[in-house]
Amino acid sequence: MASLGANPRRTPQGPRPGAASSGFPSPAPVPGPREAEEEEVEEEEELAEIHLCVLWNSGYLGIAYYDTSDSTIHFMPDAPDHESLKLLQRVLDEINPQSVVTSAKQDENMTRFLGKLASQEHREPKRPEII
């Protein structure tokens, strides 16, 4: 017994990929693997955070930071920095950390600098959280 349009040796084929079916409305396009990967990368970049650890002692600045986008820890060998902490400000401007971690036993200059940075946090949305 044969059915109309059926071939017993072959599986029935639907319309070609991308071709519209006359019986059903065309569904929204499904992103391909490459497009889905690009969307994931964009989401990861949005979620990436940088956490900075900083110490200043006797005129030398020690910095390390963790980047969540590639799970790496970066460090800068101790470098001389003026009491105004201009080098630290340049680093903050460059990496724009989510948070700054330091010791509670910091030098008074560092305490003032971080206090000013924390007071700016409410005015500028991209200022780091001071921990």
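## The first hairpin

Strands β1 and β2 form a hairpin with two residues between them, and S58 there has a positive phi near 50 degrees. The model is a predicted one. In it, β1 and β2 pair in the antiparallel sense, over eight bridges. Two of the facing positions can be named. N57 stands opposite Y60 in β2. H51 stands opposite Y66 in β2.

Strand β1 covers residues 50–57, and its side chains alternate. I50, L52, V54 and W56 point to one face and are buried. H51, C53, L55 and N57 point to the other face and are not buried. This fits a general pattern: in a regular strand, side chains alternate between the two faces of the sheet.

## Overall layout

How many helices and strands does the protein have? There are three helices and five strands. Along the sequence they follow the pattern α-β-β-β-α-β-α-β.

The protein has 131 residues, and buried residues make up 22% of them. Now take the contacts with a separation of 6 or more. Residues 24 or more positions apart account for 48% of these.

## Confidence

The mean pLDDT of the protein is 76. A value of 70 or more is reached by 56% of the residues. Where is confidence lowest, and where is it highest? Helix α1, residues 33–47, is lowest, with a mean of 61. Strand β2, residues 60–67, is highest, at 95. Over residues 1–7 the pLDDT is below 50. Beyond near neighbours in sequence, that stretch has zero contacts in the model.

## The second hairpin

Strand β2 also pairs with β3, residues 72–80. The sense is antiparallel, and there are seven bridges. Y66 stands opposite I73 in β3. A64 has F75 in β3 as its bridge partner. Y66 thus appears in two pairings: it faces H51, and it faces I73 in β3.

β2 and β3 form a hairpin too, with four residues between them. S71 is found in this loop. Its phi is near 55 degrees, a positive value in a residue other than glycine. Is S71 buried or exposed? S71 has 51% relative accessibility, so it counts as exposed; the cut-off for exposed is over 50%.

## A parallel partner and another loop

β1 has a further partner in β4. These two strands pair in the parallel sense over three bridges. The bridge partner of C53 in β4 is V101. C53 is one of the β1 residues that are not buried.

Just one loop is left to visit here, between α2 (86–95) and β4 (99–101). N96 lies in that loop. N96 has a positive phi of about 45 degrees, although it is not a glycine. With 39% relative accessibility, N96 counts as partly exposed.

## Helix α3

Helix α3 runs over residues 108–120 and has 13 residues. From its first C-alpha to its last it reaches 19 Å. That is close to the 18 Å expected at 1.5 Å a residue. D107 caps the N-terminal end of α3. A side-chain oxygen of D107 lies 2.9 Å from the backbone nitrogen of N109.

Which residues of α3 are buried? They are N109, M110, F113, L114 and L117. Seen down the axis of α3, the buried residues fall within an arc of 125 degrees, so they line one face of the helix. The general geometry is simple: an α-helix has 3.6 residues a turn, so residues three or four places apart point the same way. The face of α3 turned away from the buried side carries the exposed residues E108 and K116.

Methods. Residues numbered from 1 in each chain as written. Predicted model: local features only at pLDDT ≥ 70, side-chain atom pairs only at ≥ 80, totals over all residues. Heavy atoms only, no water. pLDDT = per-residue confidence, 0-100. Contact = heavy atoms within 4.5 Å. Expected span 1.5 Å × (residues − 1). Buried < 20%, exposed > 50% of the residue type's maximum accessible area, 1.4 Å probe, protein only. Arc of directions from axis to C-beta. Polar contact = N/O pair within 3.5 Å; in protein donor to acceptor, adjacent residues only side chain to side chain. Pairing = 2+ DSSP bridges.
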